[in-house]
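Subject: Structure handover

Hello,

Here is the structure I promised to pass on. Please open it first, then read my notes below with the model in view.

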Amino acid sequence: METTTKSRKLKITLLVYIIIFYGIWTLYTFLVSPFLEDHFQNAAVCQIIKECIKNLVWTLPAMLLVHHFSSEVHIQLKEMFTTKVKWLHYLPIFAFFTVDVLITRYRMDHSLKLIPDLSADKVIMLLSVGITEEMVFRGWLLNATVSSDKKKQWQAIALNAVMFMLIHFPTWIRHDTFVSVFTGFGFIEILALGVIFSLSFLKSRNIFVPILLHMYWDLIV
C-alpha cells in the first residue's frame, strides 16, 4: 500500500513538474532571454546570468527531486555522482561523434576544422548546458520513469528522447529554425542524441558520462 502511494505521488509530481518546467522555459526563451540580451551589452556577462538562472530552474530542482524520491528513482543521487566509470568503454562514442561531425562539415563546406572559433559567451554556455540538460532529462526525468525491467527500459528511453527534443521547440521557434529543423531532418539528430545520452547514463550509472558526451558534442558542432 505504501509503495503504491509513493509511486502515485511520483507520477503526480512528474506531471506537475513537466507542465511547470516546459511553461517556465517557454516564457524564459521568449521574454526573459531577449530582455537580458537587450540590457547586458557584454555577451559573456549576459551568458553568465543566463546560466545562473538556468541552473536555478533546471539543475537545482532536479537534484532536489531525485533526492526526495530516492527510494523510487532508478539511480540515487549520491550513486550517480560517485559510481566509478570505465571511460575506455565510452571512447567509441566520442570517436563516433568526431567522425560524424568531420564528415558532415566536409560535405557542407569542404572543411575538416573540428572545433569552430568560440567566443567567451559560447564557452560559458558549453560548460553549463551539458550539466543542466543532463541533470534534468537523464538524472531526473529518465531516472524517475525508467523500469528495472530491461525489456521496458526502451519505452522510457524513447519518451525521454521525445521530451528532450520538445524542450528545443521554443529556441527553434524564436530563432526561426523550427521549419528547417524538420524539413532538414535535424530533429532526428536530437532524438538520437537523447537515446545515446540515456543509454550511457543507464549503463554507467554515473551522470558525468552523459554530461561529458553532451559537452563534447556541443563543443564540436
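Start at arginine 205. With a relative accessible area of 26%, arginine 205 counts as partly exposed. Look for it in the loop between helix H9 (186-204) and H10. Its backbone deserves a look too. Arginine 205 is not a glycine, yet its phi is positive, at about 60°. Why point this out? Most residues other than glycine have a negative phi.

One caution before going on: this is a predicted model.

Aspartate 176 is another case of this kind. Phi of aspartate 176 is near 55°, a positive value in a residue other than glycine. Aspartate 176 also sits in a loop, between helix H7 (169-174) and helix H8 (178-183). Is aspartate 176 buried or exposed? Its relative accessible area is 71%, so aspartate 176 is exposed. The cut-off for that class is over 50%.

**The whole chain**

Now step back. How many helices and strands does the chain have? The count is 10 helices and 0 strands. Read from the N terminus, the order of elements is α-α-α-α-α-α-α-α-α-α.

Next, the overall dimensions. The C-alpha trace spans about 60 × 40 × 35 Å along its principal axes. The radius of gyration is 18 Å. A compact globule of 221 residues would have a value near 17 Å, so the chain agrees with that estimate.

Contacts tell you how the chain folds back on itself. Take the contacts with a separation of 6 or more: 76% of them join residues 24 or more positions apart. Of the 221 residues, 39% count as buried.

The surface comes next. The chain exposes about 12,700 Å². Carbon and sulfur atoms supply 69% of that area. As for charges, there are 20 positive and 16 negative ones. The mean positions of these two groups lie 11 Å apart.

**Aromatic rings**

How many aromatic pairs are there? The count comes to 22.

Take phenylalanine 21 and tyrosine 22 as one example. Their ring centres are 5.6 Å apart, and their planes meet at 85°, so the pair is edge-to-face. The cut-off for edge-to-face is over 60 degrees. Phenylalanine 21 has 3% relative accessibility, so this residue is buried. Tyrosine 22 has 17%, so it is buried as well. Buried means under 20%.

Now compare the pair of phenylalanine 81 and phenylalanine 208. Their ring centres lie 5.5 Å apart and their planes are at 75°, so this pair is edge-to-face too. It links distant parts of the chain, as its two members are 127 residues apart. Phenylalanine 81 is in helix H3 (residues 77-82), and phenylalanine 208 is in helix H10 (residues 208-220). Phenylalanine 81 has a relative accessible area of 30%, so it is partly exposed. Phenylalanine 208, at 37%, is partly exposed as well.

There is also a cluster of rings to find. Ring pairs link Tyr17, Phe21, Tyr22, Trp25, Tyr28, Trp58, Phe69, Phe137, Trp140, Phe164 and Phe197 into it. Try selecting these residues together in your viewer.

**Two more residues to visit**

First stop: proline 61. Proline 61 lies within helix H2 (residues 43-68). Its relative accessible area is 27%, so proline 61 is partly exposed. Leaving out residues up to four places away in sequence, proline 61 touches Asn55 and Leu56. Proline 61 and valine 136 are 75 residues apart along the chain, but their C-alpha atoms are separated by 8.5 Å.

Second stop: aspartate 218. Where is aspartate 218? Its place is in helix H10. Aspartate 218 has 21% relative accessibility, so it counts as partly exposed. Which residues does aspartate 218 touch, not counting those up to four places away in sequence? The answer is Leu126 and Val129. Leucine 126 is 92 residues away from aspartate 218 along the chain. Even so, the C-alpha atoms of the two are separated by 6.6 Å.

**Where to begin**

Go to the loops with positive phi, at aspartate 176 and arginine 205. Then trace the ring pair that joins helix H3 to helix H10. Finish with aspartate 218 and its contacts with Leu126 and Val129.

Best wishes

Technical notes: Residues are numbered from 1 along each chain as its sequence is written. This is a predicted model: local features need pLDDT of at least 70, side-chain atom pairs count only at pLDDT 80 or more; totals for chains, interfaces and linings use all residues. Side-chain values use heavy atoms; hydrogens and water are left out. Helices (H or I, at least four residues) and strands (E, at least two) are DSSP runs, numbered from the N terminus. The radius of gyration is taken over C-alpha atoms; the globule rule is 2.2 Å times the number of residues to the power 0.38. Buried means under 20% relative accessible area, exposed over 50%, partly exposed in between (1.4 Å probe, protein chains only). Contact means heavy atoms within 4.5 Å. Accessible areas come from the Shrake-Rupley method with a 1.4 Å probe; for residues, only the protein chains shown count as cover. Lys and Arg count as positive and Asp and Glu as negative; His and the chain ends are not counted. The place of a charge is taken as NZ of Lys, CZ of Arg, CG of Asp or CD of Glu. Rings of Phe, Tyr and Trp (its six-membered ring) pair if their centres lie within 6.5 Å; planes under 30 degrees apart count as stacked, over 60 as edge-to-face and the rest as tilted.
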